[in-house]
There are 4 protein chains.
Amino acid sequence: MMFERNNIGIIGGDQRQLALAESIAGDGYKVFACGFENADLTENVQKANLHRTVSVCSTLLLPLPVTIDGETVKAEYAEHPILLNQEFAEKIQDHRVFGGVTERALSMCPRLADLKLQNYYSREDFALRNAVVTAEGALQYAMQEFPGTICGSKCLVAGFGRIGSQLVPRLRALGADVTATTRKPQTAARIEALGCHFVPTDRLGDGGNYDILFNTVPAMLFTSDVLAAYPHGTLLIDLSSAPGGVDMAAAKKLGIAAMHAFSLPAKVAPRAAGEIIKRTVYEMMKE
Amino acid sequence: MMFERNNIGIIGGDQRQLALAESIAGDGYKVFACGFENADLTENVQKANLHRTVSVCSTLLLPLPVTIDGETVKAEYAEHPILLNQEFAEKIQDHRVFGGVTERALSMCPRLADLKLQNYYSREDFALRNAVVTAEGALQYAMQEFPGTICGSKCLVAGFGRIGSQLVPRLRALGADVTATTRKPQTAARIEALGCHFVPTDRLGDGGNYDILFNTVPAMLFTSDVLAAYPHGTLLIDLSSAPGGVDMAAAKKLGIAAMHAFSLPAKVAPRAAGEIIKRTVYEMMKE
Amino acid sequence: MMFERNNIGIIGGDQRQLALAESIAGDGYKVFACGFENADLTENVQKANLHRTVSVCSTLLLPLPVTIDGETVKAEYAEHPILLNQEFAEKIQDHRVFGGVTERALSMCPRLADLKLQNYYSREDFALRNAVVTAEGALQYAMQEFPGTICGSKCLVAGFGRIGSQLVPRLRALGADVTATTRKPQTAARIEALGCHFVPTDRLGDGGNYDILFNTVPAMLFTSDVLAAYPHGTLLIDLSSAPGGVDMAAAKKLGIAAMHAFSLPAKVAPRAAGEIIKRTVYEMMKE
Amino acid sequence: MMFERNNIGIIGGDQRQLALAESIAGDGYKVFACGFENADLTENVQKANLHRTVSVCSTLLLPLPVTIDGETVKAEYAEHPILLNQEFAEKIQDHRVFGGVTERALSMCPRLADLKLQNYYSREDFALRNAVVTAEGALQYAMQEFPGTICGSKCLVAGFGRIGSQLVPRLRALGADVTATTRKPQTAARIEALGCHFVPTDRLGDGGNYDILFNTVPAMLFTSDVLAAYPHGTLLIDLSSAPGGVDMAAAKKLGIAAMHAFSLPAKVAPRAAGEIIKRTVYEMMKE
């Protein structure tokens, strides 16, 4: 069997790649999954080893991130590790290869740099769709942890970037009174255009009588001094990427109920996350 | 110490009454809690036995429901049972007494009928505020269980009563495409006024390509036949009161991911539930 | 030609009935329009005199209201008046007849009472759909008259009935901070469920720093005393039916920019109004 | 009288500068208005000639645009023209001067280039706040011109820039089914995050069964060919800047109800427009 345009190989991954494989198969592609020996897959997806996968598939999808340890492809359901070495690079050359967060893989296996390894994680449309998943995950966490209702609550969202700008209108739509912080006048204009209030980021230390605080800024904003300006018992959900923007020890001492919510998309909505990878890769295939 | 207008006694209850006690204390009332020997309370609330509570408080709040077993006041944190007998009735007479779901208590202890025992559970404002908590709880469950995002999903809500009419606009506000069912033309008008679609309840069996189904109708709507009209893998969240409106066995056989979500307010938002009891009782005290 | 189930006659009316005639024709009915000599109609609708209309149509639609003067059918586009007399009643007997606001017609021409004259205006679904049109018309008026933007404005809506309950969420969705008044605790609960504030109707005289006031209550709420509690320059739009609920003379003296907005549906959205009549009549035909 | 930090001079303008003058005075500044001989001003604002204005005010606000004819400052309420010449430039030097659309003024009077003439019109926050006013104005036009209701209508918005991204969520919030066009995958992601649909801009010619089309793109998108793909009677509101993006002659021939809505902020909401200038200038004064 020669490799065909309509065959797509999924090499490694976690729950998101499982969902991705099934979803692509549902679109009429023939899908081969390598590194999924221990996974439950429907009959629409064929499990295959690396050799067979690269033989029959012109397009290959690597996971997000491509590697964690720098030595093997991330593959949670694999029986045997898929080594990220020169042999691997040779096998997948001449294919169209997509992966998410490819930097570490490239630095560990320079041969990969010769390939047309395309990084879907660095694309703006991918990041935006992920922000929606994160914003919904933040609502879910808030509903779980806040003993009251979002409706009628007073919320503060630090940062109005990709995630903040998705979270703020959702909180308001559910009936909250929402304030967001920003450093820029034009962002203040966007916040007010949603019927929300804004405070300059450097006034975070003024505190306020909020029920829930959300942090989306990947910087240490919620220092001990800042936290002290908020009431005992305030809930604080940190959505920024690790190590986060909250002094957790200080929060604990001050009675602020702070929690990290890292990597929400993979955790709370693997199917949505798989769908987002698919849509982004389809878009890249057209370009 | 004589009893005073500004002393309020909480007799029995669960997490909601704990929150209620603290919240009332926060408003400046002196609060005595009876049946909370095993609970953690702040210094704002005084633990007291029944005798002391009725001696110093003119207003007494019984739990929701007042009794489960018909013999004792519901009191999850009590060391000793609070018997619902003639002696109890005599002790609380001459007080203003509020309780939720009082019917069973009244039938078991007819003496209570002579008292001015007022039922906050039967009030429309109480029910409506509870519906908001339930609607948010339903969103939380949907976000937890649905592998995609609410945004962009296709949802069907069976019933547009108190809960349905709170849930439908929230789903739409989060970006879903929402259809609701009703039997009445005037309710269809209210559904369309939200930018949503409606189908007559008796057409539920026509099925459709929905991602999430919500049932709010306390009747067996989702029979085996109806369930068969929806795709394998559809998520179904039953918000109606026990025993629910879904043939769970049939759902399992058909691959519909059905789940009950009974008594959401007490489970997902005890503080909100306590707040609602407080607001309703305050309202009743004014009337 | 005998009369047929699929022939519908429109007898009299204004712009709404014009739209109604065309819309019904678009659904595949054969439509005859009587009293539209001076109107522009497409070829889908046949102009006809009363005799021909009643001869060929089993179903007849009278206007809204059926009569203004009590002597003729309301017919803005008629060359000749259509008399509302015994002869008219005889002609339309044995037909299925629908009309809006039929009371005056019935009192003037008692013979009509023998007919099955059905009043679509008195139906709840009709009223609800009209409320949506009125709410949008209110937004349009507010945007025209208020020199600022709805987004970021502070609005007060007196009354949370059919119109108020449609207007309040729309104002909030456009970014306003909205307060509504009500006399009932359960309505207060519905207002807060939208993320809005409420004040008891009898506290309207407390005033407040609002940008726009809307009145939906058909009673003299905005007396001189109440108006005096609001700032000079406040915009007040009275949506209640004539004679309205605002002391217009006092408003003028106090510098409140008050305006009536009676009969919004007919004025601002005749096609929508026609569509609503059609949907209601179709519903009644099924019943 | 020497010039003081708290004196602000408004030199020329239209209704927006009138509103601006009053609003600044309301904040506690002493405001002098030059070129407003024929305007009604409250006692809070002092009319003054150019000499007096520049003598007592350290900060000067020029209109938007600064000049239309290139020879005089735009001043709709002026009795005498304010010449834009070397003398003018000398008078206002040593002041802090703000204006909107300063390019033409600078090219006509090069001496102005030596001054610190700051252009508020070129700022992103100004543009964003204006977009909100434009979006609301577009809703108002749509409500006026569309015979149905926004609720339940099918809308297409061409372009998702500043104005489109404000208009799309407002239409959806009012109950419309909304599609927006874009050329970029990341913008498609933002559109879908609102619960709306997108189509690639180059598929505009595929048409569709829309009730209302909005154009926000300043390019000839709605050519005769594209217009022919939409139903007779469709409403089209062109919000792009003159000369607009619609072949109006073709629209007329094809029965598309097309209309320009240029310069909406100045027309529909002068007070809001004045407020936006004020906020932007205050922001610039702080920087």
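**Matching chains, a helix and neighbouring strands**

Turn chain A by 180° with 0.0 Å of shift along the axis, and chains C and A superpose with an RMSD of 0.0 Å. The two copies are thus related as by a two-fold rotation axis. This is a predicted model, and the values here are computed from it. In general, any two copies of a chain are related by a rotation about an axis and a shift along it. Within chain C, the residue that comes closest to the rotation axis is C:A173, whose C-alpha sits 3.8 Å from it.

What does each side bring to the contact between chain C and chain A? Chain C puts in 8 residues, and chain A puts in 8 residues as well. Sorted by class, the side of chain C that touches chain A is made up of 4 nonpolar, 3 polar and 1 charged residues. As for which surface is used, 100% of the contact residues of chain C recur in chain A, so the same surface serves both copies.

Chain B can be matched to chain A too. A turn of 180° and a shift of 0.1 Å along the axis lay chain B on chain A with an RMSD of 0.1 Å. Here again the same surface serves both copies, with 100% of the contact residues of chain B recurring in chain A.

Inside chain A, helix α5 covers residues 124-145. How far apart should its ends be? At 1.5 Å a residue, its 22 residues should span 32 Å, and the end C-alpha atoms turn out to be 31 Å apart, which agrees. Is α5(A) mostly covered or mostly open? Mostly covered: 18 of its 22 residues are buried, a residue being counted as buried if 20 or more other C-beta atoms lie within 10 Å of its own.

Strand β10 of chain A, residues 212-215, is covered on both faces. On one side A:I212 and A:F214 are buried, and on the other A:L213 and A:N215 are buried too. This strand also has pairing partners. Strand β7 (residues 154-158) of chain A runs parallel to β10(A), and 4 bridges join them. In that pairing, A:A158 stands opposite A:N215. Strand β11 (residues 235-238) of chain A pairs with β10(A) as well, in the parallel sense and over 4 bridges. There, A:F214 has A:I237 in β11(A) as its bridge partner.

Technical notes:
Residues numbered from 1 in each chain as written. Chains lettered and ligands numbered in written order. Predicted model: local features only at pLDDT ≥ 70, side-chain atom pairs only at ≥ 80, totals over all residues. Helix = DSSP H or I, 4+ residues; strand = E, 2+ residues; numbered from the N terminus. Expected span 1.5 Å × (residues − 1). Buried ≥ 20, exposed ≤ 12 C-beta atoms within 10 Å, placed from the backbone. Least-squares fit on C-alpha atoms with pLDDT ≥ 70 in both. Contact = placed C-beta atoms within 7 Å. Pairing = 2+ DSSP bridges. Nonpolar A, V, L, I, M, F, W, Y, C, P; charged D, E, K, R; others polar.
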